[in-house]
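Ready for a few warm-up exercises? Take a look at the model below, then work through the tasks one at a time.

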Amino acid sequence: MTIASPASSSKPHKDRNLALELVRATEAAAIAATPWVGAGDKNSADGAAVDAMRLQLATVNFDGVVVIGEGEKDQAPMLYNGERVGNGTGQKFDVAVDPIDGTRLAALGFNNALSVLAVADAGSMLDASSVFYMEKLVTGPEAADDVDLRLPVKENLRLIAKAKGLSISQLTVSVLDRDRHQDLVREIHEAGARTQAVIDGDVAAAIAAVRGNTGIDALMGIGGSPEGVVTACAIKALGGVIQGRLMPTSPEEQDRGLHAGLDMEKIYSTNDLVNSENCFFAATGITNGDLLKGVTVDSAKLTTQSIVMRSKTGTVRTIDAEHKITKWSQD
């Protein structure tokens, strides 16, 4: 096998190191949340992570606007939708932040809590904040061109199995553990596949569905629309597909979505959610999980594990870092 040399260009890549700067923000958020892990206070955990991420983002050379944040300005004093982040120099980007994906997981000391940050070219992220829930279908590159959210569950599972060269009985589907998914879980089991329940936070589960050798073949069900946009940024680097259909929970929410230009009947593709080939994604584990190890602490240092992706190059890096307790906030 011949491996080509990396493409070269006389033009400087001004954003080449952006992902490595962004991961400092997810590291800071994960470390700040760690004292609250298992303490049963998700608001304090989230507040600490938000503060740390916001402070670190202020040092990064970019001009960002939060499209997916902690909420509207009046309800979220930090990292609110529409807030400008970065130091204001360099390229303009849309930003999606989730200082803790799985606040309840962190508060209860459960696995799979992450700090997540995604960035894409300005104007490229779908602002789905007016409709909180989205029905999702996520799978890897093998079946990306075959699946369709409008098809029955069994048919999509058949298509995924065929594309992977497996039987349906060999497939495992991640589903958020919610009462609303009882019928979905029954359909998956009746089709012959297995399910893996996700307690909270479906970003890690969605990434597992598109990466090889994770034991997860798809993610299905209704989760947060913001997480769908964040997931799309990761999929741009990893390959695979996310399809989403907005699910308003009230006539008032539907009206807000329509007023914002959203289409309740549309199946949103990966490109609809993020219309850019220049996406950056960073995540740091807060607690141990299927995607990343959580923060560990000893008398002298903290250790973190992060994943960093860039869609333009298709590069995925796993970063294990040690932070001296006395200096980590200055890193």
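How much area does the protein chain expose, and what share of it do carbon and sulfur atoms supply? Before you start, note that this is a predicted model, where local features need pLDDT of at least 70, side-chain atom pairs count only at pLDDT 80 or more, and totals for chains, interfaces and linings use all residues. Residues are numbered from 1 along each chain as its sequence is written, and side-chain values use heavy atoms, with hydrogens and water left out.

Solution. The protein chain exposes about 15400 Å². Carbon and sulfur atoms supply 47% of that area. Accessible areas come from the Shrake-Rupley method with a 1.4 Å probe, and for residues only the protein chains shown count as cover.

**Exercise 2.** Work out why the radius of gyration of the protein chain agrees with a compact globule.

Solution. Start with the rule: 2.2 Å times the number of residues to the power 0.38, with the radius of gyration taken over C-alpha atoms. With 331 residues, that puts a compact globule near 20 Å. The protein chain has 19 Å, so the two agree. For the overall dimensions, the C-alpha atoms fill a box of roughly 55 × 50 × 45 Å along the principal axes.

**Exercise 3.** Find where V119 sits, and decide: is V119 buried or exposed?

Solution. First, locate V119 in strand β4, residues 114-121. Strands (E, at least two residues) and helices (H or I, at least four) are DSSP runs, numbered from the N terminus; the protein chain has 13 strands and 9 helices. Next, check the cover: V119 has a relative accessible area of 0%, so V119 is buried. The cut-offs are under 20% for buried, over 50% for exposed and partly exposed in between, with a 1.4 Å probe and protein chains only. Then look at the neighbours: leaving out residues up to four places away in sequence, V119 touches ten residues' worth of company, including L18, F62, F93, M125 and F280. A contact here means heavy atoms within 4.5 Å. Finally, the C-alpha atoms of V119 and C233 are separated by 7.6 Å, although the two residues are 114 residues apart along the chain.

**Exercise 4.** Which loop holds N213, and what is its phi near?

Solution. N213 lies in the loop between α6 (203-210) and β8 (218-224). Its phi is near 60°, a positive value in a residue other than glycine. With a relative accessible area of 89%, N213 is therefore exposed.
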